[in-house]
Amino acid sequence: MDPIQDYLARCRSITDTVESQKTEIQTAARWFADSILAGRMVHVFGSGHSRIMVEEMWPRYGSFPGFNPIVELSLTFHNLVVGANGQRQAMFLENVPGLADRILRNFDLSEQDSALVISSSGCNVVPIEMAELFQKSGVKVVALITRAHSEQSTSKRADGQKLSDFADLILDTGAPVGDAMVKIPDLDTPVAPGSTIGGAMLVNCIKAEVARLLTEAGQPPKVLSAGVVVGAQKAVELFESAYDEHAHRLAKLYENVGNK
């Protein structure tokens, strides 16, 4: 099989893995919808390339308010690769104990909130501590990991605990150990990762189910939509109203910070 066909075939297998988790996806969506219907937010966090899943959830076309994307540039802005703001620093910082606490110190968490924490390995310190702190605040945590990879990886945390140890629900991207899926003759290391594919499918399955639940509850979401679909004026109205709703929801996370 040529590399292109090999990669596509493995992606089809990932699709099957995602579909096999329909019950878990529905549960996650119900928790998230409950948070949004309560006027609260779903906190979404990922470091490194897991940031991709955070941005896939919100804001982008086909998404809607109710999600709080927590993206730390120090952990994700590594497009320069080397030098200032490079990958070495980001990889170091995502394993610094206590950083998660400093991040969440900015928000007034509620038991009505819920959270999605993404980490393919589930072994880096900051995502693990984020999930742990969410749970301590009574926030339900959905962990999005690559189960096979996580199970064979060693936690960077001193006590050996992983993201899955602080999750109320676990979703699996379906990617293999090491993430890369295609082997090339005469090349020792595989290429072309799969966790992004599985992660994006899971995120959008959740998003679609949440939209259904919100609509059936009489609170249809304000979905960011293209002008070619809804008309230029309607698209602008949706963007403005969605961003306004996001601001109002976010304000609730700030108004009582430090008062407890």
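These exercises, each with a worked solution, cover pockets, salt bridges, surface residues and backbone geometry in a predicted model. Residue numbers start from 1 along each chain as its sequence is written, and side-chain values use heavy atoms, with hydrogens and water left out. Because the model is predicted, local features need pLDDT of at least 70 and side-chain atom pairs count only at pLDDT 80 or more, while totals for chains, interfaces and linings use all residues.

**Exercise 1. Describe the largest pocket and its lining.**

Step 1: fix the term. On a 1 Å grid over the protein atoms alone, a pocket is an open set of points where a 1.4 Å probe fits, with protein on both sides within 12 Å along at least five of seven lines. Lining residues have an atom within 4 Å of a point.

Step 2: take the volume. The largest pocket holds about 610 Å³ of space. Points are joined across faces, edges and corners, and the volume is the space filled by probe spheres set on them.

Step 3: find the centre. The lining has 32 residues, and His49, Ser50, Ser120, Ser121 and Asn124 are the closest to the centre.

Step 4: assign elements. Helices (DSSP H or I, at least four residues) and strands (E, at least two) are runs numbered from the N terminus. H3 (51–57), H5 (87–93) and H9 (195–216) each supply at least two lining residues.

Step 5: sort by chemistry. Ala, Val, Leu, Ile, Met, Phe, Trp, Tyr, Cys and Pro count as nonpolar, Asp, Glu, Lys and Arg as charged, and the others, Gly among them, as polar. The lining divides into 10 nonpolar, 19 polar and 3 charged residues.

**Exercise 2. Repeat the analysis for the second largest pocket.**

Step 1: its volume is about 290 Å³.

Step 2: 15 residues line the second largest pocket, and Leu104, Arg105, Phe107, Asp108 and Leu109 lie nearest its centre.

Step 3: helices H6 (99–104) and H7 (125–136) each give at least two residues to this lining. H6 gives the most, with 3.

Step 4: the lining splits into 5 nonpolar, 4 polar and 6 charged residues.

**Exercise 3. Which parts of the chain does the salt bridge between Arg40 and Asp113 tie together?**

Step 1: apply the criterion. A salt bridge puts a side-chain nitrogen of Lys or Arg within 4 Å of a carboxyl oxygen of Asp or Glu. The whole structure has 13 of them.

Step 2: check the pair. The closest N and O atoms of Arg40 and Asp113 are 2.7 Å apart.

Step 3: place both ends. Arg40 is in the loop between H2 (22–37) and S1 (42–46), and Asp113 is in the loop between H6 and S3 (114–118), so the bridge ties together parts 73 residues apart in sequence.

Step 4: test burial (buried is under 20% relative accessible area, exposed over 50%, partly exposed in between; 1.4 Å probe, protein chains only). Arg40 is buried at 9%. Asp113 is buried at 2%.

**Exercise 4. Work through the bridge between Lys222 and Glu245.**

Step 1: the closest N and O atoms are 3.0 Å apart.

Step 2: Lys222 sits in the loop between H9 and H10 (227–230) and Glu245 in H11 (232–254), so the pair links parts 23 residues apart in sequence.

Step 3: Lys222 is partly exposed at 32%, whereas Glu245 is buried at 17%.

Step 4: add the network. Salt bridges also link Glu132, Lys136, Arg157 and Asp159.

**Exercise 5. Where is Gln152, and is Gln152 buried or exposed?**

Step 1: Gln152 is in the loop between H8 (147–151) and S5 (169–172).

Step 2: its relative accessibility is 64%, so Gln152 counts as exposed.

Step 3: the C-alpha atoms of Gln152 and Val117 are separated by 19 Å, with their positions 35 residues apart along the chain.

**Exercise 6. Identify the unusual backbone geometry at Pro59, Asp186 and Ala192.**

Step 1: recall the baseline. Most residues other than glycine have a negative phi, and most peptide bonds are trans.

Step 2: the peptide bond from Trp58 to Pro59 is cis, with omega near 0°. Pro59 belongs to the loop between H3 and S2 (67–70).

Step 3: Asp186 is not a glycine, yet its phi is positive, about 70°. Asp186 lies in the loop between S6 (180–182) and S7 (191–193) and is exposed at 85%.

Step 4: Ala192 also has a positive phi of about 70°. Ala192 is in strand S7 and is partly exposed at 28%.
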